[in-house]
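User: Please take a close look at one part of this model and explain how it packs against its surroundings. Plain wording is fine, as this is for a first-year course.

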Amino acid sequence: MSREEKEEIAQKILERIEEKFGTVPLVNKVLSEDPDLFIPVSNVAKAAFESEDKKLDAKTSYLCAVAAATGLGAEHCIRAQGNHAKQVGVTKDEMREAMFIGSYMAMTRAQSYAFRVLEDLYKE
């Protein structure tokens, strides 16, 4: 496939994203400058959130995304996935709970690393 064909595909993907969500995230804009990276990443995102064979409904999928983004401290992703979650009917209480779970998992991850080091430092 030629570079021009790949750029056309990337542009169509950007248009679909904007049509579906009303905006194109910065990450997508930057990645689209390299269609060899952007197209596969976009396909993964589409499979995660839009596949016909999905086992999770849209609401659950976006709550998972909000929780993961929260745990990673990815502010822009929290906002983007939070907006998508609102669009599919996620309530403020549900979103808060997903954010709490994500932040709890980040806390326990940090503790897991730190406390293992602590135990190694003070081994008898």
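Analyst: Thr-70 touches Ile-78, Met-99, Gly-102 and Ser-103, leaving aside residues up to four places away in sequence. The model is a predicted one, and the contacts described here are computed from it. Thr-70 belongs to helix α4. Its relative accessible area is 17%, and buried means under 20%, so Thr-70 counts as buried.

Thr-70 takes part in the packing of α4 against two helices, α6 and α5.

Take α6 first. Two packed helices are described by the angle between their axes and the distance between the axes. For α4 and α6, the angle is about 40 degrees and the axes are 7 Å apart. Angles under 35 degrees count as roughly parallel; at about 40 degrees, α4 and α6 are therefore oblique to each other. The crossing of α4 past α6 is right-handed. On the α4 side, the contact involves Lys-59, Leu-63, Val-66, Ala-67, Thr-70 and Gly-71. On the α6 side, Glu-94, Met-95, Ala-98, Met-99, Gly-102, Ser-103 and Ala-106 take part.

Ser-103, one of the residues that Thr-70 touches, can also be used to follow α6 along the chain. Ser-103 and Asp-93 are separated by 10 residues in sequence and by 15 Å in space, C-alpha to C-alpha. Asp-93 also lies in α6. Asp-93 has a relative accessibility of 51%, and exposed means over 50%, so Asp-93 counts as exposed.

Now take α5. α4 and α5 pack at an angle of about 165 degrees, and their axes are 9 Å apart. That angle makes α4 roughly antiparallel to α5. The crossing of α4 and α5 is left-handed. The contact is made by Tyr-62, Ala-65, Val-66, Ala-69 and Thr-70 from α4, together with Cys-77, Ile-78, Gln-81, Gly-82, His-84 and Ala-85 from α5.

Gln-81 shows the α5 side of this contact in detail. Gln-81 is found in α5 and is buried, with a relative accessible area of 17%. Setting aside residues up to four places away in sequence, Gln-81 touches Phe-49, Tyr-62, Ala-65 and Val-66.

α5 as a whole runs over residues 75–87, which makes 13 residues. From its first C-alpha to its last, α5 reaches 18 Å, close to the 18 Å expected at 1.5 Å a residue. The buried residues of α5 are Gln-81, Gly-82, His-84 and Ala-85. They lie on the same side of α5, because they cover an arc of only 160 degrees around the axis. On the other side of α5, the exposed residues are Glu-75, His-76, Arg-79, Lys-86 and Gln-87. The cover over the buried residues of α5 includes α1 (3–21), α3 (35–50), α4 (58–72) and α6 (92–121). Just after α5, Gly-89 has a positive phi of about 100 degrees.

α3, named above as part of the cover over α5, has buried residues of its own: Pro-35, Phe-38, Ile-39 and Ser-42. They cover an arc of only 95 degrees around the axis, which puts them on the same side of α3. What covers them includes α1 and α2 (26–31).

To return to the starting point, Thr-70 is buried. Thr-70 is among the α4 residues that meet α6, and it is also among those that make the contact with α5.

Definitions and conventions: Residues are numbered from 1 along each chain as its sequence is written. This is a predicted model: local features need pLDDT of at least 70, side-chain atom pairs count only at pLDDT 80 or more; totals for chains, interfaces and linings use all residues. Side-chain values use heavy atoms; hydrogens and water are left out. Helices (H or I, at least four residues) and strands (E, at least two) are DSSP runs, numbered from the N terminus. The expected span of a helix is 1.5 Å times one less than its number of residues. Buried means under 20% relative accessible area, exposed over 50%, partly exposed in between (1.4 Å probe, protein chains only). The arc is that of the directions from the helix axis to the C-beta atoms. Contact means heavy atoms within 4.5 Å. Axes are lines fitted to C-alpha atoms, for helices over the stretch in contact, and angles run from 0 to 180 degrees between N-to-C directions. Angles under 35 degrees count as roughly parallel, over 145 as roughly antiparallel, 65 to 115 as roughly perpendicular and the rest as oblique. A crossing is left-handed if the near helix is turned anticlockwise from the far one by less than a right angle, and right-handed if clockwise.
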